Amino acid sequence: RRAATSRLRSFPSSDDSSSRRILTVSELTGLVRASLEADFSEVWLEGEISNLRAPGSGHLYCTLKDDSSQMRAVIFRSAALRLRFGLEDGLHVIARGRVTVYEPRGEYQIVLEHVEPKGRGAQQLAFEQLKTRLAAEGLFDRDRKRPLPVFPRTVGIVTSPTGAAVRDMMTVLHRRCPILNIILAPVSVQGEGSAEQIASAIRSLIDWGHVDVIIVGRGGGSSEDLWSFNDELVVRAIVASPIPVVSAVGHETDVTLADFAADLRA
């Protein structure tokens, strides 16, 4: 009995501080964060968007979930600006990000750097979303379309000054009506800043005040090449024009939002 008592006394007590490493909550949270960020620095994840919030900071917050689990997600402003479509609740996405911990609340989350809709291209989804939103405003209503003048005296053309399309249009217009005046508003028809140029050129022809019809267009190309004519700036400039507008974008099989907004598609 005495030997047993001696053995028990030699075993460290659970209250013996010399055998414990005591962490603060912040220290433990920091260790967990470091471990997660080291092991899950790049993760591809599939899930459904829910509880989407978009505060004034420009960051996006949401929950990614499947049938049995969910986790918090954040898209910081710089990444959110690169999205080509709008996030919405119920959207099924594939995303890339890094797992981390939001230390003030001790909650783990994923910081998303790339998001794409599952089963649909981001560009096509952006097209559908913008078309739906602008159509709901009545911008594509048939009853707001205006007839073209039977005998226009001056036609304004908003297009690239160097492409084959402008040469084709000039040739056909002069052949059909040799005395027609043509005013060219030269713009870039693809690439960064081209949508702003197109919208500005439309407004410039309106301000000039001597144009009976405006043709907005370009030759054929990929959907990426034609994307400026899906830009909201261009659509609203066409709709706001007091002068009838003809959309002449791409080939017959190409469809852009400018076609829906214009008074006539050719």
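Leu-233 touches Glu-196 and Ala-199, not counting residues up to four places away in sequence. The model in which this contact appears is a predicted one. Leu-233 has its place in helix α7, and with a relative accessible area of 42% the residue counts as partly exposed, because that category covers values between 20% and 50%. Computed along the sequence rather than through space, Leu-233 and Val-158 are 75 residues apart, while their C-alpha atoms are 14 Å apart.

The contacts of Leu-233 belong to a meeting of two helices. The axes of helix α6 (residues 194–208) and helix α7 (residues 232–240) come within 8 Å and cross at roughly 10 degrees. Angles under 35 degrees count as roughly parallel, and therefore α6 is described as roughly parallel to α7. On the α6 side, the residues that take part are Ala-195, Glu-196, Ile-198, Ala-199, Ile-202 and Arg-203. They meet Leu-233, Val-234, Ala-237 and Ile-238 in α7.

Helix α7 is also joined to helix α4 through charged side chains. Arg-133 forms a salt bridge with Glu-232, and the closest N and O atoms of the pair are 2.8 Å apart. Since Arg-133 lies in helix α4 and Glu-232 in helix α7, the pair ties together parts that are 99 residues apart in sequence. Arg-133 is partly exposed at 41% relative accessibility, and Glu-232 is partly exposed as well, with a relative accessible area of 23%. The pair does not stand alone: Arg-133, Glu-137, Glu-232 and Arg-236 are linked in a network of salt bridges.

Arg-236 leads on to a further residue, Leu-139. Leaving aside neighbours within four places in sequence, Leu-139 is in contact with Leu-134, Arg-144, Val-235, Arg-236, Val-239 and Ala-261. Leu-139 is placed in the loop between α4 and β6 (154–159). Its relative accessible area is 8%, and the residue is called buried because this value falls under 20%. Leu-139 and Ala-240 are 101 residues apart in sequence, yet their C-alpha atoms are 9.5 Å apart in space.The account now turns to the other salt bridges. The structure holds 14 salt bridges. In one of them, the side chains of Lys-118 and Glu-46 meet at 2.8 Å, N to O. Lys-118 lies in the loop between β5 (107–117) and α4 (122–136), and Glu-46 lies in strand β1 (residues 43–53), so the pair ties together parts that are 72 residues apart in sequence. Lys-118 is partly exposed, with a relative accessible area of 41%, and Glu-46 is partly exposed with a value of 42%.

A further salt bridge is formed by the side chains of Glu-113 and Arg-96, at 3.2 Å from N to O. This pair links distant parts of the chain, with Glu-113 in strand β5 and Arg-96 in strand β4 (residues 92–102), 17 residues apart. Glu-113 counts as partly exposed at 34% relative accessibility. Arg-96 is partly exposed too, with a relative accessible area of 22%.

Strand β1, which holds Glu-46, also contains Asn-51. What is the phi of Asn-51? The angle is positive, at about 55 degrees, although Asn-51 is not a glycine. Most residues other than glycine have a negative phi. Asn-51 counts as exposed at 52% relative accessibility, because the exposed category begins over 50%.

The final region to consider is helix α2 together with the loop before this helix. Thr-29 has its place in helix α2 and is buried, with a relative accessible area of 12%. Apart from neighbours within four places in sequence, Thr-29 is in contact with Val-101, Glu-103 and Gly-106. Of these, Val-101 falls within the residue range of strand β4 (residues 92–102).

A nonpolar surface patch of about 310 Å² is made by Leu-23, Leu-28, Leu-31 and Val-32. Leu-23 lies in the loop between α1 (2–10) and α2 (25–39). With a relative accessible area of 32%, Leu-23 is partly exposed, and this value satisfies the requirement that patch residues have over 30% relative accessible area.

Definitions and conventions: Residues are numbered from 1 along each chain as its sequence is written. This is a predicted model: local features need pLDDT of at least 70, side-chain atom pairs count only at pLDDT 80 or more; totals for chains, interfaces and linings use all residues. Side-chain values use heavy atoms; hydrogens and water are left out. Patches are made of residues with over 30% relative accessible area and no salt bridge: like charges are joined within 9 Å, nonpolar side chains (Val, Leu, Ile, Met, Phe, Trp, Tyr) within 5 Å. Accessible areas come from the Shrake-Rupley method with a 1.4 Å probe; for residues, only the protein chains shown count as cover. A salt bridge is a side-chain nitrogen of Lys or Arg within 4 Å of a carboxyl oxygen of Asp or Glu. Helices (H or I, at least four residues) and strands (E, at least two) are DSSP runs, numbered from the N terminus. Buried means under 20% relative accessible area, exposed over 50%, partly exposed in between (1.4 Å probe, protein chains only). Axes are lines fitted to C-alpha atoms, for helices over the stretch in contact, and angles run from 0 to 180 degrees between N-to-C directions. Angles under 35 degrees count as roughly parallel, over 145 as roughly antiparallel, 65 to 115 as roughly perpendicular and the rest as oblique. Contact means heavy atoms within 4.5 Å.
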